[in-house]
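Open the model in your viewer and keep the sequence panel beside it. The tour moves from one selection to the next.

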Amino acid sequence: MTDKRKNRRVPLDIYLNKYIGGVPYMARSADISPEGVGLAHLIEPQMHGRRVGLQFQLPGSEEVIYAEGEIVREWIAPEVEGSGIKFTLLTERHKKLIDGFVATRAEE
């Protein structure tokens, strides 16, 4: 199996807001890259669309990141359901924050 990811993902264990149809639902992240984030679903409705909004803070940062994304993969494991979200809308400032976080954590 080949890895289609362009950049390395690093662990990111935080809770965040995942907006579905404009309504926030809590999700838990597993990892992040400059292109997107992996999420474990907690309590949320069945989705018919592929687009979501995201709102989160990176560890060590006071700035709230707002992003839009598209669900590019989903999985169901024995203990968790999850999805891979590809960022589709992200300000340059927030992109730089994520890039810096990933670069720093990748070196650890």
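Helices here are DSSP runs of H or I with at least four residues, and strands are runs of E with at least two, numbered from the N terminus. One caution before starting: this is a predicted model.

**Stop 1: Arg93**

Select Arg93. Arg93 sits in helix H1, which covers residues 92–107. Is this residue buried or exposed? Arg93 is exposed, because its relative accessible area is 55% and the cut-off for exposed is over 50%.

Now add Glu63. The two side chains make a polar contact at 2.9 Å. The pair also counts as a salt bridge, with the closest N and O atoms 2.9 Å apart. Glu63 belongs to the loop between S5 and S6 while Arg93 belongs to helix H1, so the bridge ties together parts 30 residues apart in sequence. Check the surface on the Glu63 side: Glu63 is partly exposed, at 22% relative accessibility.

Add Ile65 as well. Its C-alpha atom is 9.1 Å from that of Arg93, although 28 residues separate the two along the chain.

**Stop 2: the other salt bridges**

How many salt bridges are there by this rule? The count comes to five. The pair of Arg93 and Glu63 is one of them. Two more follow.

Select Asp13 and Arg28. They form a salt bridge, and their closest N and O atoms are 2.6 Å apart. Asp13 is in the loop between strand S1 (10–11) and strand S2 (15–20), and Arg28 is in strand S3 (residues 23–32). The two residues are 15 apart, and the pair links distant parts of the chain. Colour by accessibility here. Asp13 is exposed, with a relative accessible area of 54%. Arg28 is partly exposed, at 32%.

Next, select Glu74 and Arg50. Their side chains meet in a salt bridge of 3.4 Å, N to O. Glu74 lies in strand S6, and Arg50 lies in the loop between strand S4 (36–41) and strand S5 (51–57), so this pair ties together parts 24 residues apart in sequence. Arg50 counts as partly exposed, with 36% relative accessibility.

**Stop 3: the second largest pocket**

Keep Glu74 selected and turn to the second largest pocket. About 260 Å³ of space lies there. Which residues are closest to its centre? They are His41, Glu44, Gln46, Glu74 and Glu81, out of 14 residues that line the pocket. Glu74 is therefore a residue to view twice: it is among those closest to the pocket centre, and its strand is S6.

Select S6 (64–76) and S7 (81–90). Each of these strands supplies at least two residues of the pocket lining. S6 gives the largest share, four residues. Colour the lining by residue type: seven are nonpolar, three polar and four charged.

**Stop 4: strand S3 and its partners**

Hide the side chains and select S3. Start with S1, which runs antiparallel to S3 and is joined to it by two bridges. Val10 has Ile32 of S3 as its bridge partner.

Move to S2. S2 and S3 pair in the antiparallel sense over six bridges. Tyr15 stands opposite Arg28, the residue met earlier in the salt bridge with Asp13. Asn17 has Met26 as its bridge partner in S3. Go to the turn of this hairpin, where two residues lie between the strands. There Gly21 takes a positive phi near 60 degrees.

Now add S4. S3 and S4 pair in the antiparallel sense over five bridges. Ile32 is bridged to Val37 in S4. The hairpin that joins S3 to S4 runs through three residues.

**Stop 5: the two faces of S2**

Finish on S2 with side chains shown again. Which residues make up its covered face? They are Leu16, Lys18 and Ile20. The uncovered face holds Tyr15, Asn17 and Tyr19.

Last, bring in S5. S2 and S5 pair in the antiparallel sense over three bridges. Asn17 stands opposite Gln55 in S5, and its bridge partner in S3 is Met26.

Terms used:
Residues numbered from 1 in each chain as written. Predicted model: local features only at pLDDT ≥ 70, side-chain atom pairs only at ≥ 80, totals over all residues. Heavy atoms only, no water. 1 Å grid on protein atoms, 1.4 Å probe; cavity = no way out; pocket = protein on both sides within 12 Å on 5 of 7 lines; lining within 4 Å. Points joined across faces, edges and corners; volume = space filled by probe spheres on them. Nonpolar A, V, L, I, M, F, W, Y, C, P; charged D, E, K, R; others polar. Buried < 20%, exposed > 50% of the residue type's maximum accessible area, 1.4 Å probe, protein only. Polar contact = N/O pair within 3.5 Å; in protein donor to acceptor, adjacent residues only side chain to side chain. Salt bridge = Lys/Arg side-chain N within 4 Å of Asp/Glu carboxyl O. Pairing = 2+ DSSP bridges.
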